[in-house]
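New to this one? Have a look around first, and then we can talk through why things get the labels they do.

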Amino acid sequence: MAEVKINLANMTVRIEGVYDTLREYCKEYIATDEKTEDFSIVITPADIQRERENGEYERNSDNYIEIIMALLKVADELPGRNKVLMHGAVVAWKQAGYIFTAPSGTGKTTHVRLWKKYLGSDAEIINGDKPILEVREDEIIAYGTPWAGKERLQKNSCVPVKGICFLRQSEKNNIRKLNKSEALVLLLPQIYIMSDSKKAGRTLELFSKMLEWIPVYEFYCNISEQAVRCSFDALTDQ
């Protein structure tokens, strides 16, 4: 068995797995202190084989399946720690975080890259695909994770979330603020909901609090500098 201990979303997690590729994948998150882990997860060859049989992994290696299983097992532990896993890209501007989300292939990673391109050093990509969000008493914190999409755009850092934007491809740029009901319909499929009913219920409670505190927008956009200006102006209220 291969083992790695990582610092992730203000938690220390020990992962017992099969392949050393998981350590390489999480290399920027490896714990260097002696802090006792908050929880541990175990992935066995039997787990990987079962996931291969149940999932859509015909063309993927066992190493890849293990990396995805590690993410899912971590996500399963999050609700009890006031955290959720979200599908989205997080970009920070002057220490404030903004999440761009959409179904895969819509262009969320492209848009955060455009923020970095046109806003320069004040913009920083925290995660390109799977951030962890923590619901605190008075704010939402987004954490980078190793699971950051094929581009691997990520940083072991965190920022308070100040806005969420649901992207749609369009020739013209147009953004509007959503009410809570509209936001719920668009964003719920982008939140990881586990099969355990108690954990799923807690995730929905946390998600509901997020929608009360964070403004959510729907953004029809292209890939121009003007698109960045449109989302930037709305989200940052500049």
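What follows is a short round of questions and answers about a predicted model.

Q: Why is the contact between Asp 62 and Arg 52 called a salt bridge?
A: The label needs a side-chain nitrogen of Lys or Arg within 4 Å of a carboxyl oxygen of Asp or Glu. Here the N to O distance is 2.7 Å, so the pair earns the name. Asp 62 sits in helix α3 and Arg 52 in helix α2, 10 residues apart.

Q: Why is Arg 52 described as partly exposed?
A: Buried means under 20% relative accessible area and exposed means over 50%. Arg 52 comes out at 22%, so it falls in between. Asp 62, with 27%, is partly exposed too.

Q: What makes Asp 129 count as buried?
A: Its relative accessibility is 13%, and the cut-off for buried is under 20%, so the label fits. Lys 130 has 21%, which makes it partly exposed.

Q: How do you know that Lys 130 and Asp 129 form a salt bridge?
A: Their closest N and O atoms are 2.7 Å apart, and the limit is 4 Å, so the pair qualifies. Asp 129 also meets Lys 108 in a salt bridge, at 3.2 Å. Lys 108 belongs to helix α4, while Asp 129 lies in the loop between β7 and β8.

Q: Why does the lining of the largest cavity count 2 charged residues?
A: Asp, Glu, Lys and Arg count as charged. The lining includes Glu 3 and Arg 23, so those are the two.

Notes. Residues are numbered from 1 along each chain as its sequence is written. This is a predicted model: local features need pLDDT of at least 70, side-chain atom pairs count only at pLDDT 80 or more; totals for chains, interfaces and linings use all residues. Side-chain values use heavy atoms; hydrogens and water are left out. On a 1 Å grid over the protein atoms alone, a cavity is a set of points where a 1.4 Å probe fits but cannot get out, and a pocket is an open set with protein on both sides within 12 Å along at least five of seven lines; lining residues have an atom within 4 Å of a point. Helices (H or I, at least four residues) and strands (E, at least two) are DSSP runs, numbered from the N terminus. Buried means under 20% relative accessible area, exposed over 50%, partly exposed in between (1.4 Å probe, protein chains only).
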